[in-house]
Amino acid sequence: MDRGFVQFRMIFLTFSIALLCMATACEKSHEVRGSVVPSGISKNEESKGDKVPHKKKIKIGFSMDTLEEERWLKDRDLFKEAVENLGAEVEILAANGDDALQISQAETLISQGVDLLVVVPHNAEATAAIVNKAHLAGIKVISYDRLVKNADIDLYISFDNEKVGELQAEAITSLVPKGKYVYIGGAITDNNAILLKKGVFNVLQPYIDRGDITVVYDQWTQDWLPANAFTNMQAALKANKNQIDAVIAANDATAGAVIKALKAQGLDGKIPVAGQDAELAAAQRIVEGTQTMTVYKPIKVLADAAAKIAVKMAKGEEVPAGKRVNNGKIEVPSVLLMPTAVNQSNMDETIIRDGFHSREDVYRNVGK
Ligand code: BGC
């Protein structure tokens with residue numbers, strides 16, 4: 001055979017093999033756990049699925065509702081620190097209450113090729129779209145603090161929110177076993193707000209049934225905004241000619257608004273008020289005497305546990321979750337942490353002992 005023909009056949013063969021390899025690789029890159037990924041979210045998918053190559057640095061996406069409250073800044077910082085301490089990295093985006101933005105930010109994280117997504121939903125129902133999109137790209141999703149409803153969420157980690165409501169109502173009923181109550185709820189779009197209210201009414205109901213307690217005003221607070229809680233509390237005072245004996249507010253930010261409305265009527269410090277979150281302003285109001293109690297949820301415990309679970313799951317490792325919580329679609333494997341009631345008498349051995357706030361900050365205005 002002539003030399004020119006042999007060379008030509010060699011080049012042709014090499015070219016054909018290269019083409020075949022490219023075609024196979026291309027096809028493979030669209031397969032994630034047997035499902036087909038639509039084009040546009042196919043980047044990096046080979047690193048997803050049940051086994052992530054361990055040499056690669058794990059990247060977690062953290063999609064947050066808001067950073068406009070003290071607690072979420074703590075969540076952001078502590079979660080980042082915990083993930084980094086585990087040798088992984090985290091990309092954080094916050095949507096500040098905008099559902100469409102939260103979904104598009106999550107899409108950005110998915111297309112950036114995160115190995116796992118952690119979501120704090122603004123809207124429990126709307127964020128189901130995020131879970132579906134992540135799963136199409138082979139990315140598992142953890143619901144952080146708030147439950148995503150009606151989606152195949154992989155794990156839910158939070159505090160026991162029903163218990164938070166029970167602790168609030170137990171504290172207030174022990175001070176005011178009879179009288180007119182106001183309930184200032186959270187955002188109806190947040191599953192936690194529903195659980196908190198359930199907990200409060202678990203405790204109040206027997207008092208209501210006996211006729212000892214009447215709930216004279218009961219409203220949700222749109223988007224958890226203190227301005228909305230303030231308007232609601234003003235309405236409650238007006239409708240009852242200031243004849244109110246106790247207030248339970250779904251968190252410290254709304255409790256602050258309640259106390260502002262009470263103050264405008266010269267009633268601050270005279271009517272018991274409950275909140276939750278152990279925000280610094282609330283801890284100060286407690287030692288000053290205008291807020292009765294708060295519920296302390298050590299964010300570090302939540303952030304550390306969530307980070308550990310997220311990194312393990314991203315590596316495809318098994319994560320034991322003792323509980324199951326129904327989210328309208330499935331029984332979600334869940335981890336629920338315990339909250340603690342805090343008032344003037346145990347401020348030092350809870351919030352301050354843990355370094356959640358410094359003693360100096362808490363007692364700044366009362367000097368102690
Ligand atoms: C959280 C609270 C928080 C509230 C408003 C709830 O889902 O559990 O800690 O105060 O959202 O952001």
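In this predicted model, R71 sits over the face of W72, 3.9 Å from the ring centre. A second charge-over-ring contact turns up at F230, where K260 lies over the ring face at 4.8 Å from its centre.

Ring-to-ring contacts come next: the structure has five aromatic pairs. One of them brings together F62 and F79, with 4.4 Å between the ring centres and 40° between the planes, which makes the pair tilted. This pair ties together distant parts of the chain, as F62 belongs to strand β3 (residues 59–64) and F79 to helix α2 (residues 70–85), 17 residues apart. F62 has a relative accessibility of 0%, so it counts as buried. F79 is buried too, again with a relative accessible area of 0%.

Another pair is made by Y296 and F356. Here the ring centres are 4.9 Å apart and the planes meet at 70°; an angle over 60 degrees counts as edge-to-face, so that is the label for Y296 and F356. Distant parts of the chain are linked in this case as well: Y296 is in strand β12 (residues 294–296), while F356 is in the loop between α11 (348–352) and α12 (359–362), 60 residues apart. Both Y296 and F356 are buried.

Back at F62 and F79, there is a third ring to add to the picture. Y144 joins F62 and F79 in one aromatic cluster, so the tilted pair between strand β3 and helix α2 is part of a group that also takes in Y144.

Notes
Residues numbered from 1 in each chain as written. Predicted model: local features only at pLDDT ≥ 70, side-chain atom pairs only at ≥ 80, totals over all residues. Heavy atoms only, no water. Phe/Tyr/Trp six-rings, centres within 6.5 Å; stacked < 30°, edge-to-face > 60°. Helix = DSSP H or I, 4+ residues; strand = E, 2+ residues; numbered from the N terminus. Buried < 20%, exposed > 50% of the residue type's maximum accessible area, 1.4 Å probe, protein only. Lys NZ or Arg CZ within 6 Å of the ring centre and 35° of its normal.
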